[in-house]
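Student: I should like to see how the descriptive terms applied to a model are justified. Could we work through some of them together?

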Amino acid sequence: MQDLVVAGCPYCGERLELLIDPSGGSQEYTEDCQVCCQPMVVRVTYSQTETDTEVETETVSVELLQEDDAF
Ligand SMILES: [Zn+2]
């Protein structure tokens, strides 16, 4: 089961659909934009929210960065 996240390309602004594997947890990797083919850094952050009802919700947030900015 993978999470589908939509985020905007830092170069061309195009909205991209990214499939994230939750088993990898928070992660960072480089991927070429499907539209403009520029290398962008995908920064994935998982955060767990515990509620009173014992249900743990995992929220995923994705940041897309230009490769130069990330390092
Ligand atoms: Zn792009």
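Tutor: The following exchange concerns a predicted model and takes its terms one at a time.

Student: Why is Cys-33 called partly exposed?

Tutor: Cys-33 has 16 other C-beta atoms within 10 Å. A buried residue needs 20 or more, and an exposed one has 12 or fewer. The value of 16 lies in between, and therefore Cys-33 is classed as partly exposed.

Student: Where does Cys-33 lie?

Tutor: Cys-33 is located in the loop that links β3 (27-32) with β4 (39-50).

Student: What makes Cys-9 a contact of Cys-33?

Tutor: Two residues are in contact if their C-beta atoms lie within 7 Å, and Cys-9 is listed among the residues that Cys-33 touches. Their C-alpha atoms are 6.9 Å apart, with a separation of 24 residues in sequence. That distance is C-alpha to C-alpha, whereas the contact criterion uses C-beta atoms. Beyond four places in sequence, Cys-33 also touches Tyr-11, Cys-12, Leu-16, Gln-38 and Met-40.

Student: How do you know that β3 and β4 pair?

Tutor: Pairing requires at least two bridges; β3 and β4 are joined by 6 and run antiparallel, so the criterion is met. Asp-32 stands opposite Pro-39 of β4. The two strands form a hairpin with 6 residues between them, and Cys-37 in the turn has a positive phi of about 65°.

Student: What makes β4 and β5 a pair?

Tutor: The same requirement of at least two bridges applies. β4 and β5 (residues 56-66) have 11 bridges in the antiparallel sense, and therefore they pair. Val-41 has Leu-65 in β5 as its bridge partner. This hairpin has 5 residues between its strands, and Glu-54 takes a positive phi near 65°.

Terms used: Residues are numbered from 1 along each chain as its sequence is written. This is a predicted model: local features need pLDDT of at least 70, side-chain atom pairs count only at pLDDT 80 or more; totals for chains, interfaces and linings use all residues. Helices (H or I, at least four residues) and strands (E, at least two) are DSSP runs, numbered from the N terminus.
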